[in-house]
Amino acid sequence: METRNLVSTSPCVLHLHIHGTIYRLNRELVVAKSAKLAVLLKESQHEEKPSLSLPDIPGDTKTFELVARFIYGCEPNISASNVVPLASLAYYLEMTEIHSPNNLLNKTLDFFKQRVLPSWNESIKAFRTSEHVLKQASLLGLVDACLDSLTKKALSDPHLLGVTIQDDINGNNIGERWVSRRRLFVDESQSEDLNTLPLCLYELIMLAMIQRGIRSEYVAGSLFRYAKKWAFKESGEAGVSMYVKMVPQREVIEVVQRLLPDKRSLIPCKLLSEMLLAAIALQASFDCVSGFELRIGKQLDEAKVEDLLIPCQNYAREIQYDTHCVKRILKNFYGNYPSKEDPSQLITVAVLMDEFLVKVAGDVDTQKDTFISLAEMSVAASHGIEKNADGIYRAIDIYFEKHGYLTESERDEVCRMLDIHNMSAAARKHAAKNERLPLRVVVQVLFVEQLQLRNVFVNEMQDLEEKWGRVEEEEKEKVVVVGGGEEEEVRIEMEEMDGRVMELEKECQRMRREIEVGGRSTEVLKKDKGSLWKQLKRKLGCTSSIHNYSCHVEKKEEHASKGDGSSL
């Protein structure tokens, strides 16, 4: 045991046992400053060589030496890094103003209020040192004072917590601009990071931030960076390995999951998947793993297939990826789906499940029953939405390619999940020539193809019949009934008809030239032309030109008289 002499000669020396070290102090000076030690010495005054042991004394030996020097009249060098342990030790030793004026407790508290609390950096430095004196610091109100100071500053400027995850992903340098602006007004070269705090203190400050209403995106960003620094295996920064030995990584990831705000899309699925993977690898609690699975499930429509490729941690693994975890995530998605009326997210997730099935199909370790179970899950995800079965067919084809040892009956069992009627034409064309498929499935594909061709032919014939019927109706309705009795309307209509006649006359002239080339006589041509004109004018319902349209007027009057007669 080490012995340290802080006094050379003294009529009465006090031996103090502090954390394995013996301090020889002047008894009178100690009694003058510490009310607690004065009471303890009074109780042991009958001893010739008084000796006291203080096993529950807060702070380390370095802190006690500062207190001992103060007892001997030296002014302590108080800073943000030692003010909390000094104040806690002075509180424990009862070095108050009541016992002695200008005592240590009052000096440390004044420094804490005037020099520490106004500054973000100094507050974090002081708060960090309260880990080993948490009980006394809490009784003194120093912990609450630090929490209040830090949360107020974060409320006014949330960038003190660091950039949001979205800003970090997008490469937004708003945090750097904030630091540059801050340096113009505050003499602090670098902002202290909350992520440097021990876990017990970090949990306290984040709980206070959440309760005070700090914006959730900044809280989530800080939590993710803390997990990445202290819990992820890739972390290789100096000092990390030592801290991990003191506080298991598992506790870090569990605290982070518990504190994460429950808000959709706040953290991308990629990052949530990384934290879930860390939780599984660290064998975190069931609540922790389930919490990450629930968060991913709520925003599964934003995930990519890579986010679901979680390696199986079982030593006797039968598959490369943790399919049970994916099933639970999918169940969470449907259990928290906001609206059944909007199928867009359902379609996205169904496609995602097909992509995951394709990934699993390429794993040679995937057993038949496991693949069928996942195929059923993918089919269930596609139920009730407009989506073809091409993704499942592709997965089955890949699975047969990687598992060539399957028998015909086993292949047939796998294909039971395939809805051939719901495959696209291109997929059915490929399946009809696919030698890996069982014969029964190929026959079904060909049969469905024939049915599809027959349906297409029947539909086209129906369309042609309907179109021809409409043409005949239009021909029957070409007789125009002119109403209203206004000659101007009749004249305009006759002009339009005359234009059509001129077009037909040009067509007749073209036919005449063709006939003359063929050797027909002029008389026959005139006869044909005359008959053509008669047919044309008969078809138009008039034998007059544009300058004589009385026939139409007469027809109109005739129709009118018939109408009057019918009314009579």
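Helices H19 and H20 are roughly antiparallel to each other, a label given to angles over 145 degrees (under 35 is roughly parallel, 65 to 115 roughly perpendicular, and the rest oblique). Two packed helices are described by the angle between their axes and the distance between those axes. Here the angle is about 170° and the axes of H19 (residues 368-381) and H20 (residues 390-402) lie 11 Å apart. Axes are lines fitted to C-alpha atoms, for helices over the stretch in contact, with angles running from 0 to 180 degrees between N-to-C directions. The helices themselves are DSSP runs (H or I, at least four residues; strands are E, at least two), numbered from the N terminus.

This is a predicted model, in which local features need pLDDT of at least 70 and side-chain atom pairs count only at pLDDT 80 or more, while totals for chains, interfaces and linings use all residues. Residues are numbered from 1 along each chain as its sequence is written, and side-chain values use heavy atoms, with hydrogens and water left out.

Which residues of H19 and H20 meet? From H19 come Lys368, Phe371, Ser378 and Val379, and from H20 come Ile392, Ala395, Ile396 and Tyr399, contact meaning heavy atoms within 4.5 Å. Six of the residues in this contact are nonpolar, one is polar and one is charged. In this scheme Ala, Val, Leu, Ile, Met, Phe, Trp, Tyr, Cys and Pro are nonpolar, Asp, Glu, Lys and Arg are charged, and the others, Gly among them, are polar.

Ala381 also belongs to H19. With a relative accessible area of 3%, Ala381 is buried (under 20%; exposed is over 50%, partly exposed in between, with a 1.4 Å probe and protein chains only). Setting aside neighbours within four places in sequence, Ala381 is in contact with Tyr334, Leu346, Ala350 and Met353. Leu346 is 35 residues away from Ala381 in sequence, yet their C-alpha atoms are 7.4 Å apart.

A second buried residue is Glu293, at 3% relative accessibility, which lies in helix H16 (residues 286-298). Beyond residues up to four places away in sequence, Glu293 touches Leu276, Cys325, Arg328, Ile329 and Asn332.

Turning to the whole protein chain, there are 26 helices and four strands, and buried residues make up 42% of the 568 residues. Among contacts with a separation of 6 or more, 67% join residues 24 or more positions apart. A search of the whole structure finds zero disulfides, that is, no pair of cysteine sulfur atoms within 2.5 Å.
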